[in-house]
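The exercises below each set a task and then work through a solution step by step. Please keep the sequence and the coordinates at hand while reading.

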Amino acid sequence: QEKEHSIVVQAATTSEQIHEKVQNVTGIQVSRQVLLVDDTNQQPLHKGAIVMEMTFLANQSRLLLSIYRIPITIKCPDNQTLSLNVEPCDVLSTIHSMICKQIGMPVDKQILKLGEQVLKHKQKTMNEHGIVANSVLHLEEDFDPIVFVDIKCNTLWAVDRKQVVEQKILTPIRSGSGADGADTDDDEDANDNMVHYKEAIRDSDKVTRETILKNMYEAPSLGVNPHMVLEKHQVTSLGVQEADQIKQLWHVSLKEVRRNEKGAELYFVDPKTKAIGELSRQ
């Protein structure tokens, strides 16, 4: 909402003093101000100049006040580019919120880099991070994967740990869980302090564990080391019936396979805890 304020200046009043007067009546800090003369040329107030030298200023001149912002570019993981205008005094969390609003990536999943430096301090300003006009920040998604391996179709893919828990695909057992594996804590932050999954093979069941590992190692065309999966793959085929529901859940493309194909069930691997287990394909 536009507002008008009046200030009184004299012939010897400097541009810096005009900025200070504007701050006094608007509350906007001098460092955030951009003052332009409200005419066809919209000339700025030059630093160090006095009113008498500003021939474009006349009696009852109007000045336009705007907030000083700098343009920056965000390079997204999908090669999308975002152009943002931010204030040098804005904190980093402001950029995170802008990114979330524009592309929907949750703030807690965003990793911002300036060059090779990861910007971790969200309450520090653009100036404190060395972000200047035309800086290019690189956005990465914080991806904490659970890897799913389909021996039957020789494919593997990864899903973020938080989504795995929220969708109840796996049941976490955390410190403080009951003897039957029931969660004794609140559902909030269910993926924190996680130590295992109900569906995981117990370390004492060495026969089943070794069988699963052997199946994964020997799967034709898969060549997966379940403890060293680093890339996020997109599955291209699954032997499932409710294809539309699965496609929506996993965000993957599916193709039909013959029902009489034989093979093992789906396995999962947690690269962080080294837990492995077997899941029903349904």
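**Exercise 1. Locate arginine 161, describe its burial, and trace its charged partners.**

Step 1. Arginine 161 is found in helix 4, where helices (H or I, at least four residues) and strands (E, at least two) are DSSP runs numbered from the N terminus. The model is a predicted one, in which local features need pLDDT of at least 70 and side-chain atom pairs count only at pLDDT 80 or more, whereas totals for chains, interfaces and linings use all residues. Residues are numbered from 1 along each chain as its sequence is written, and side-chain values use heavy atoms, with hydrogens and water left out.

Step 2. With a relative accessible area of 4%, arginine 161 is buried; buried means under 20% relative accessible area, exposed over 50%, and partly exposed in between (1.4 Å probe, protein chains only).

Step 3. The side chain of arginine 161 makes a polar contact with that of aspartate 144 at 2.7 Å. A polar contact is a pair of N or O atoms within 3.5 Å; within protein, one must be able to donate a hydrogen and the other to accept it, and residues adjacent in sequence count only if both atoms are side-chain atoms.

Step 4. Arginine 161 and aspartate 144 also meet in a salt bridge, at 2.7 Å from N to O, a salt bridge being a side-chain nitrogen of Lys or Arg within 4 Å of a carboxyl oxygen of Asp or Glu. The pair links distant parts of the chain, since arginine 161 belongs to helix 4 (residues 161-166) while aspartate 144 sits in the loop between strand 7 (136-141) and strand 8 (145-150), 17 residues apart. Both arginine 161 and aspartate 144 are buried.

Step 5. A salt bridge also joins the side chains of arginine 161 and aspartate 270, at 2.9 Å from N to O. Here helix 4 is linked to the loop between strand 12 (266-269) and strand 13 (276-279), which holds aspartate 270, and the two residues are 109 apart. Aspartate 270 is buried, at a relative accessible area of 0%.

Step 6. Asp144, Arg161, Asp270 and Lys272 are thus found linked in a network of salt bridges.

**Exercise 2. Which parts of the chain does the salt bridge between arginine 32 and glutamate 87 tie together?**

Step 1. The closest N and O atoms of arginine 32 and glutamate 87 are 2.5 Å apart. Arginine 32 lies in the loop between helix 1 (15-26) and strand 1 (33-37), and glutamate 87 in the loop between strand 4 (81-86) and helix 2 (92-103), so the pair ties together parts that are 55 residues apart in sequence.

Step 2. Arginine 32 counts as partly exposed at 24% relative accessibility, whereas glutamate 87 is buried at 6%.

Step 3. Under the salt-bridge rule, the count comes to eight.

**Exercise 3. What surrounds serine 15?**

Step 1. Serine 15 lies in helix 1 and is buried, with a relative accessible area of 2%.

Step 2. Its side chain reaches the backbone oxygen of histidine 46 at 2.8 Å.

Step 3. Leaving aside residues up to four places away in sequence, serine 15 touches Leu45, His46, Lys47, Gly48, Ala49 and Met54, where contact means heavy atoms within 4.5 Å.

**Exercise 4. Work out the strand order of the open five-stranded sheet and examine one of its pairings.**

Step 1. The order is 4-3-7-5-6, with mixed pairing; two strands pair if DSSP finds at least two bridges between them. Strand 4 and strand 6 (117-118) are the edge strands, each pairing on one side only.

Step 2. Strand 3 (residues 70-75) pairs with strand 4 in the antiparallel sense over six bridges, and threonine 73 has serine 83 in strand 4 as its bridge partner.

**Exercise 5. Summarise the chain as a whole.**

Step 1. The chain has six helices and 13 strands, and 35% of its 282 residues count as buried.

Step 2. Among contacts between residues at least 6 apart in sequence, 54% join residues at least 24 apart.

Step 3. The structure holds zero disulfides, a disulfide being a pair of cysteine sulfur atoms within 2.5 Å. Cysteine 89 counts as partly exposed at 37% relative accessibility, as does cysteine 100 at 29%.
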